[in-house]
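Dear colleague,

I am handing over the model we discussed, with the sequence alongside, and my notes on it follow below. Please read them with the coordinates open.

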Amino acid sequence: MEQVNGDTLAAARKVIAVHINYPSRAAQRGRTPAQPSYFLKPSSSLSLTGGAVERPAGCELLGYEGEIAIIIGKAARRVDVEDAWSHVAAVTASNDLGVYDLRYADKGSNLRSKGGDGFTPVGPALIPADAVDPAKLRVRTWHNGELVQDDTTADLLFPFARLVADLSQLLTLEEGDIILTGTPAGASVAVPGDVLEVEVSALGSEGGQLSSGRLVTRVEEGTTAFADFGAGPKADDLQREEAYGSREAAGLPAVGPVLSPELKAKLESVCTATLSSQLRKRGLNNVSIDGLTATRPDRKVVGLARTLRYVPNREDLFKTHGGGFNAQKRAIDSVNEGEILVMEARGEKGTGTIGDILALRAQVRGAAAIITDGGVRDFSAVAAMELPTYYSNPHPAVLGRRHIPWDTDITIACGGTTVQPGDIIVADSDGILVIPPALAEEVANDSIAQEREEVFIAEMVEQGHGVDGLYPLNAAWRARYEEWEAMGSRQGE
């Protein structure tokens, strides 16, 4: 196969990169775009295999992203998706390198953070586009010999032909132009002395013959400091988290409201009726999702909210927002283990908002529950699943009869209350509560204490005592309760 050489690099007048295109990366980032978005890298960032890339002096976060590069073979201007792949000459491996320390500097354009010399190595071999199925390619990345990225193009958010067609609507893609097609999960940070390798291959090719070979890049430390008349490197924990892929990978402590296993166990140990009482004491009366039925009323569910909003169907808007990888599918395909997908359907009962296939996908991804104040299709199949679903009613119609899937991970209304992403949802046979994360720990602790008191009260009622002064406890009964509690503690020692 033809090798990438200096002529290949010289022919590239434009290098265009896609932000997010792999579902695994979208799930890692916690956002799934409805349409592709792009940024430019200068052609001077291109380099060949076996070369070195410099981590600029003073920078900490040189990120690497193994990608498939497609190389335009003939000019494309306003081409259709069906014709777009015919404008591609070849595919090869690439590494979309960049320093997160400079992301702040250019207001999202990525010019300096991604545009440095050597920040786009490509090669070593070109795989002819007409010899492969673009939906059957594999990209792998090794960091110091360890495989860290491994994904295929089978379920891309935006297939390659769509990228070419989309870009060609506004600008001419010229012969030699390069499109970097996105990176899967696993991208991280390299330091001086590291060796990065990326390979693209065709799935099912005999003996792995259709392969780019390994694109090798060595990381070196830069020695020339940034001048004081321009933006200098600046890293913070947010950029470290983004660069490494997670706070854990970056070695950072967890922050913000987190549903720890300990807190989850506390909330599972108490009834929503008790939690409701404690929330009411704190002035929160409108925190229940009302009017829904559960497919698994025997189950206690605790999890963090992810949100999805439907708006009323309007035929012209459904054409642009209802089809393809719409907001409903994006929400289902990015829900994480232990999360609860909460849907705003405006209480509309005249159509389904979830069916068996998407509910199964949520179950496979580890979702704790689905909550919708609308209808459910394929009800028998959904009801038979392990995944609890809370719903208004069964209905046979598809969501397009009344709804457009509009957006995700925003503040919504469901069952008469407001739900925000990250709220803690607790559901049992008494109902569904939305607990603000900042209050969850103290509400859980006080609920456990309240239920302990109620055990004592129930024992006293069984013994024949009246409820006046006992429920709630007056001073005399509280003293007796404290004696009872102390006795139980001593017996448990």
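Glutamate 268 has a relative accessible area of 34% and is therefore partly exposed, since this value falls between the 20% below which a residue is buried and the 50% above which a residue is exposed. Please bear in mind throughout that the model is a predicted one.

The salt bridges are a convenient place to start. Glutamate 268 pairs with lysine 264, with 2.6 Å between the closest N and O atoms, and both residues belong to helix α7 (residues 261-268), where they are four residues apart, or about one turn of the helix. Lysine 264, with a relative accessible area of 29%, is likewise partly exposed.

In total the structure holds 33 salt bridges, and two further ones deserve a closer look. Lysine 41 and aspartate 96 meet through their side chains at 2.6 Å, N to O; because lysine 41 lies in strand β2 (residues 38-41) and aspartate 96 in the loop between β7 (88-95) and β8 (98-99), this pair ties together parts that are 55 residues apart in sequence. Both lysine 41 and aspartate 96 are buried, and they also belong to a network of salt bridges that links Arg25, Lys41, Glu65, Asp96 and Lys114.

The other is the salt bridge between glutamate 60 and arginine 240, whose closest N and O atoms are 2.8 Å apart. Here too distant parts of the chain are linked, with glutamate 60 in the loop between β4 (51-55) and β5 (62-64) and arginine 240 in helix α6 (residues 237-244), 180 residues apart. Glutamate 60, at 32% relative accessibility, is partly exposed.

Turning to the sheet, seven strands form an open arrangement with mixed pairing, in the order β2-β1-β12-β6-β7-β9-β3. The edges are taken by β2 and β3 (46-47), each of which has a single partner strand, so that one side of each is left without a neighbour in the sheet. At the β3 edge, β3 pairs with strand β9 (residues 120-128) in the parallel sense over two bridges, and leucine 46 stands opposite threonine 120 in β9.

Within the sheet, β6 pairs in the antiparallel sense with β7 over seven bridges, and isoleucine 72 has valine 88 of β7 as its bridge partner. On its pairing with β12, β6 is again antiparallel, over three bridges, with alanine 69 partnered by leucine 180 in β12.

How many residues of β6 are buried? Seven of its seven residues are, so far as the accessible areas go, and the strand is mostly covered. In a regular strand the side chains alternate between the two faces of the sheet. In β6 both faces are covered, with Gly66, Ile68, Ile70 and Ile72 buried on one side and Glu67, Ala69 and Ile71 buried on the other. Helix α5 (residues 160-168) lies across β1 (15-18), β2, β6 (66-72), β7 and β12 (178-180), and runs at about 55° to β6.

Finally, a word on the surface. Val461, Val467 and Tyr471 make a nonpolar surface patch of about 290 Å². Of these, valine 461 lies in helix α13 (residues 437-462) and is partly exposed, with a relative accessible area of 39%.

With best regards

Terms used. Residues numbered from 1 in each chain as written. Predicted model: local features only at pLDDT ≥ 70, side-chain atom pairs only at ≥ 80, totals over all residues. Heavy atoms only, no water. Salt bridge = Lys/Arg side-chain N within 4 Å of Asp/Glu carboxyl O. Buried < 20%, exposed > 50% of the residue type's maximum accessible area, 1.4 Å probe, protein only. Patch = residues over 30% accessible without salt bridge, like charges linked within 9 Å, V, L, I, M, F, W, Y side chains within 5 Å. Areas by Shrake-Rupley, 256 points an atom, 1.4 Å probe, with all protein chains shown as cover. Pairing = 2+ DSSP bridges. Contact = heavy atoms within 4.5 Å. Axes fitted to C-alpha atoms, helices over the stretch in contact; angles between N-to-C directions.
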